[in-house]
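Trainee: Could you walk me through this model? I have it open and would like to go through the packing, strand by strand where that helps.
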Amino acid sequence: MCKRLLVTLFLLLCTAGAGYCADSDAALLKNNIETLDFIPHGFVKMEMTSSLASEWGGIVGSIDVPSEELFKGRLKLPWLDGNYLIWNTGIGTYPDVHFGAEYDKNKNMVGFIVIQETDTVPANTAIYQYDYKKFDGPLKNMMIFYKDKNKSAYWYSADGKLQGVFRAGTVTAKTQSAAKNINVLKQLVPLIENPKAAAKKQKSS
């Protein structure tokens, strides 16, 4: 009887441990490698598309998008170094791929972004940012968000080095240079969790 109880307890601990590992920081860091692998490190002569935010106020649009759709889902996101991103959550080239623009405090377009909902396990949303030089720019930063119980988020530089982590309500800077920007992760998490609801809230405020 005692032996059977010990075996049962052992199996329960194994199951609990497996569940923890699936959601552990180490497991997600490993999962991030798959996401980072598919992110291109630069776009060459990228052309305007119906889903790339243009300079005119960050509103997404082109001739193939009905005018009534242009102002739907416009979401402003905080970004690094005091910049901000404009993402139209309602328009994308593909259901899981969206494009947007990065602006500085003077409303100058200084970068462009790709927002990708991946099919990795567990699923995540990745934002990767490129420098803007006539739509021909190198990769600058990558952020990966998980809709898990800890609302985990990870920030990487273009060379794949971890800069910061948000997990269970706490942000941690992994490098000295990342410290001044680390709170951006915390600000972004609730917006990425439900971007369409966030866009509606911003529109009504």
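Mentor: Let us settle one term before anything else: a residue is called buried when its relative accessible area is under 20%, and exposed when that area is over 50%. Please also keep in mind that this is a predicted model.

Trainee: Fine. With that cut-off, are Tyr 146 and Tyr 154 buried or exposed?
Mentor: Tyr 146 and Tyr 154 are both buried.

Trainee: And which residues touch the most other members of the largest nonpolar core?
Mentor: That core has 24 residues, and the ones touching the most other members are Leu 77, Ile 127, Met 143, Phe 145 and Leu 185. At least two residues each come from the strands E2 (74-78), E3 (84-88), E5 (109-117), E7 (137-146) and E8 (153-157), and likewise from the helices H3 (183-193) and H4 (195-204). H3 gives the largest share, with six residues.

Trainee: What is Leu 185 in contact with, leaving aside its neighbours within four places in sequence?
Mentor: Leu 185 contacts Met 143 and Phe 145, then Ala 153, Tyr 154 and Trp 155, and also Gly 164, Val 165, Phe 166 and Val 171. Apart from this core there is another one, of 23 residues, which includes Phe 99, Tyr 130, Met 142 and Tyr 156.

Trainee: Phe 99 is in E4, right? How many residues of that strand are buried?
Mentor: Seven of the seven residues of E4, which spans residues 97-103, are buried, so the strand is largely enclosed by the rest of the structure. Val 97, Phe 99, Ala 101 and Tyr 103 point one way, while His 98, Gly 100 and Glu 102 point the other way, and all of them are buried. The general background is that side chains in a regular strand alternate between the two faces of the sheet.

Trainee: Which strands does E4 pair with?
Mentor: E4 runs antiparallel to E3, to which it is joined by four bridges, and antiparallel to E5, to which it is joined by seven bridges. To place the register, you can look at Leu 85, which stands opposite Glu 102 in E4, and at Gly 100, which stands opposite Ile 113 in E5. E4 and E5 form a hairpin with five residues between them, and Lys 107 in the turn has a positive phi of about 65 degrees.

Trainee: Switching to E8. What covers its two faces, or rather, which residues are on each side?
Mentor: Ala 153, Trp 155 and Ser 157 lie on one side and Tyr 154 and Tyr 156 on the other, and all are buried, with both faces covered. In terms of counts, five of the five residues of E8 are buried.

Trainee: And its pairing with E7 and E9: how many bridges in each case?
Mentor: E7 and E8 pair antiparallel over five bridges, with Asn 141 opposite Ser 157 in E8. E8 and E9 (residues 162-167) pair antiparallel over four bridges, and there Ala 153 has Phe 166 in E9 as its bridge partner.

Trainee: Where are the positive phi values in those two hairpins?
Mentor: In the hairpin of E7 and E8, with six residues between the strands, Lys 151 takes a positive phi near 50 degrees. In the hairpin of E8 and E9, with four residues between the strands, Gly 160 takes a positive phi near 85 degrees.

Trainee: Now H4. Which of its residues are buried?
Mentor: Pro 195, Ala 198 and Ala 199 are buried in H4. They cover an arc of only 100 degrees around the axis, which puts them on the same side of H4. The elements that cover these buried residues include E2, E3 and H3, whereas the face turned away from the buried side carries the exposed residues Lys 196, Lys 200, Lys 201 and Ser 204.

Trainee: Last topic, the aromatics. How many pairs are there?
Mentor: There are four aromatic pairs in the structure. One of them joins Tyr 128 and Tyr 130 edge-to-face, at 6.2 Å centre to centre with 75 degrees between the planes. Tyr 146 and Tyr 154 also form an edge-to-face pair, at 6.1 Å centre to centre with 85 degrees between the planes.

Trainee: Which cluster do Tyr 128 and Tyr 130 belong to?
Mentor: Tyr 128 and Tyr 130 form one aromatic cluster together with Phe 112. Tyr 128 counts as buried, at 4% relative accessibility, and Tyr 130 is buried with a relative accessible area of 0%.

Notes
Residues are numbered from 1 along each chain as its sequence is written. This is a predicted model: local features need pLDDT of at least 70, side-chain atom pairs count only at pLDDT 80 or more; totals for chains, interfaces and linings use all residues. Side-chain values use heavy atoms; hydrogens and water are left out. A nonpolar core is a set of buried Ala, Val, Leu, Ile, Met, Phe, Trp, Tyr and Cys residues joined through side-chain atoms within 4.5 Å. Buried means under 20% relative accessible area, exposed over 50%, partly exposed in between (1.4 Å probe, protein chains only). Contact means heavy atoms within 4.5 Å. Two strands pair if DSSP finds at least two bridges between them. The arc is that of the directions from the helix axis to the C-beta atoms. Rings of Phe, Tyr and Trp (its six-membered ring) pair if their centres lie within 6.5 Å; planes under 30 degrees apart count as stacked, over 60 as edge-to-face and the rest as tilted.
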